[in-house]
Amino acid sequence: MAARAREERHLDVLAKEVGYVRKPHGGRLRVALAFPNTYFVGMSNLGFQTVYRLFNELDDVVCERVCLPPKQALAAALSSGQPLRTIESGTLVRDFDVFAFSVSFEWDYTNVVSMLRLAGVPVRAESRTTHDPLVVIGGAVTFVNPEPLAPFADVIAAGEGEELIPSLMSAIAGASDRDELLRRLAAVRGFYIPSFYDVEYASDGTLAAFRPKAETGAPPVVKKAAVKSTDRLDPPSTRIFTPDTEFGSRFLIEVVRGCANLCRFCWAGYNYLPVRAFPADRILELAREARPYAGRAGLVSIALCDHPEIERILAGLLELGYAISPASLRLDDLTPSIVGMLHQSGERSITIAPETGSDRLRRVINKTVTNDEILEKADLIFANGIENLKLYYMLGLPTENDDDLVSIRDLTAQLRDTMLTHARPKGRLGRIVASVNPLIPKPGTAYQWLPMEDPALTDRKAKRLRTLVADLDNVYFNIKSERHSYYQALLSLGDRRVAPAIEAAERNGGNWRAAVAESGVDADFYIFRDRSHDLLLPWDIIDGGMKAQFFRAEFDKGLREQWTLPPKRAAENRKFLPVL
Ligand code: SF4
């Protein structure tokens with residue numbers, strides 16, 4: 001009975017999908033591709049969809065998906081020991097050759113552990129044998145700081161899937177056993193084998209060395225793998241459509257990879273360089289093919305307008321009858337034509353990230369826009385019929401003071417006034433929603449040595465900001481709690497000694513306070529310590545392409561309140577940028 005019910009559940013999922021791949025397993029390398037969150041979340045994740053496509057494009061590979069069961073089903077499966085199976089064929093995950101994870105968020109680390117447990121695969125790499133699948137962990141988080149996940153991975157794939165997947169497959173094809181495979185992979189760009197390193201610590205608990213073990217061939221530092229050019233690449237896009245996902249009616253597509261702005265806090269900006277545009281013709285061709293299944297195109301890029309043909313792409317999507325939803329837009333490149341096309345497609349809301357209300361503080365963090373320009377572009381946005389604005393601000397930025405908090409209120413009030421000026425004659429008021437998050441210093445950025453701000457101080461600032469904005473009509477402020485960010489910072493800044501806290505949090509249902517206490521991890525050590533004198537950082541094992549020297553120079557330049565202009569903007573020599 002249970003088997004039949006399970007079979008029916010799998011068939012139900014597949015019956016609602018368009019675009020999944022079924023291949024016979026015989027003679028093929030079998031990859032179970034895991035998204036460490038629910039199906040509902042995973043099927044709207046472009047990384048997950050793209051890795052699935054890349055694996056299945058190879059004839060000699062069959063790749064099937066597996067997601068974390070929803071809360072109740074997860075609890076039932078964990079207590080009954082019901083093993084994890086793939087969506088496509090209902091095969092036991094532990095019977096696959098490779099168990100590959102695509103991890104995009106730190107909060108999903110506990111889910112990686114749950115899925116290993118559910119699959120019946122030993123959670124720690126050191127406990128696995130050659131009868132277990134090879135556990136490969138990849139995804140955005142792993143090329144920023146993979147160390148907290150290191151004890152769970154046989155292999156960490158650091159970088160971009162387009163480059164890593166063919167290399168992984170040819171190493172597997174050429175190796176006669178697991179040991180040889182790991183040695184082969186260690187020699188390939190982008191593959192980090194955590195068990196090939198002895199990690200040494202100084203007496204104060206800081207990292208002293210990653211020492212490659214003898215005869216493993218492991219390099220002192222693993223270079224991230226990234227595609228050189230996207231000129232001939234298929235852009236990541238939704239290939240499997242289902243109504244049972246967060247963005248069910250959306251065709252998601254990556255238009256351009258990277259952002260040239262070099263904001264000093266932004267790991268995505270630094271880690272996806274250089275900026276690479278996907279071919280406009282192929283974007284439109286994929287959009288045409290997807291049109292029967294989706295009415296809205298979600299453009300997933302951190303700097304959409306860096307695509308040299310963005311206007312042609314938007315016009316093409318409009319012509320296909322899509323409503324268009326961009327991710328956050330960088331203000332400097334917004335033109336009347338772009339905003340006009342977004343409005344024409346039915347979009348009523350635009351998201352922008354001023355980060356702070358003060359021009360001074362924006363020079364510190366290298367967000368190269370000024371309040372004048374933000375207001376000018378807001379005028380353009382509202383004049384072109386967009387009714388709502390979503391804003392992102394941060395608290396706890398270096399050198400931040402009370403004037404900067406007041407400036408958040410002042411800028412938001414001015415934006416609100418701009419909105420009202422355009423809304424009143426039409427008799428339709430929109431709204432402004434502002435999200436305020438504490439800064440979490442990120443690995444691979446100019447702020448990687450910074451401690452997180454004292455929570456008591458951030459709480460005081462949050463309280464002050466709430467008071468400042470309390471009487472702003474038509475504006476809704478959502479100011480995030482410090483506690484939430486604290487544990488995210490631990491996962492972001494930690495090393496492999498944090499892994500026991502991840503395991504404990506997985507066991508106790510996500511009670512991080514108890515997990516940290518139980519595992520004896522000194523979270524403050526990772527979060528509130530000034531790392532500027534550390535000789536080695538946990539994420540230094542991955543070379544993301546930017547040098548520490550550059551980050552240090554950027555940090556100092558920030559303290560001098562100086563921009564580092566992206567080349568395009570430097571060439572424009574725009575009048576609003578003060579020469580410093
Ligand atoms: S503009 Fe946005 S995406 Fe680009 S570097 Fe700055 S914060 Fe990151």
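**Exercise 1. Find the element that gives the most to the lining of the second largest pocket, then describe that pocket.**

Solution. Start with the helix: α1 gives the most to this lining, with five residues. Keep in mind that you're working with a predicted model.

Next, get the volume: about 740 Å³ of space lies in the second largest pocket. There are 24 lining residues, and those closest to the centre of the pocket are Arg-9, His-10, Val-13, Pro-69 and Pro-70. Now go through the elements: two or more lining residues come from each of α1 (2-15), α2 (39-42), β2 (61-68) and α4 (71-80).

Last, sort the lining by class: 15 residues are nonpolar, three are polar and six are charged.

**Exercise 2. List the residues around the ligand and sort them by class.**

Solution. Pick out the cysteines to begin with: Cys-259, Cys-263 and Cys-266 are among the residues around the ligand. Then add Asn-261, Leu-262, Phe-265, Gly-269, Ile-302, Arg-330 and Lys-367. Sorting this shell gives six nonpolar, two polar and two charged residues.

**Exercise 3. Work out which residues of helix α18 are buried and where they sit around the axis.**

Solution. Go along residues 512-519, and you'll find Trp-512, Ala-515 and Val-516 buried. These residues sit on the same side of α18 because they cover an arc of only 95 degrees around the axis.

Now flip to the face turned away from that buried side, where the exposed residues Arg-513, Ala-517 and Glu-518 are carried. Take Arg-513 as a check: its relative accessibility is 59%, and exposed means over 50%, so Arg-513 counts as exposed.

Then look at both ends of α18. At its start, a side-chain oxygen of Asn-511 reaches to within 3.3 Å of the backbone nitrogen of Arg-513. Just after the helix, Gly-520 takes a positive phi of about 70 degrees.

**Exercise 4. Say how far Arg-513 is from Ile-313, in sequence and in space.**

Solution. Place Arg-513 in helix α18. Count along the sequence, and Ile-313 is 200 residues apart from Arg-513. Go from C-alpha to C-alpha, and the two are 48 Å apart in space.

**Exercise 5. Locate Asp-234 and find polar contacts of its side chain.**

Solution. Look in the loop between β9 (222-223) and β10 (250-253), and there's Asp-234. Follow its side chain to the side chain of Arg-239, which it joins in a polar contact of 3.3 Å. Then try Arg-282: the side chains of Asp-234 and Arg-282 make a polar contact too, at 2.4 Å.

How values were computed. Residues numbered from 1 in each chain as written. Predicted model: local features only at pLDDT ≥ 70, side-chain atom pairs only at ≥ 80, totals over all residues. Heavy atoms only, no water. 1 Å grid on protein atoms, 1.4 Å probe; cavity = no way out; pocket = protein on both sides within 12 Å on 5 of 7 lines; lining within 4 Å. Points joined across faces, edges and corners; volume = space filled by probe spheres on them. Helix = DSSP H or I, 4+ residues; strand = E, 2+ residues; numbered from the N terminus. Nonpolar A, V, L, I, M, F, W, Y, C, P; charged D, E, K, R; others polar. Near = heavy atom within 4 Å. Buried < 20%, exposed > 50% of the residue type's maximum accessible area, 1.4 Å probe, protein only. Arc of directions from axis to C-beta. Polar contact = N/O pair within 3.5 Å; in protein donor to acceptor, adjacent residues only side chain to side chain.
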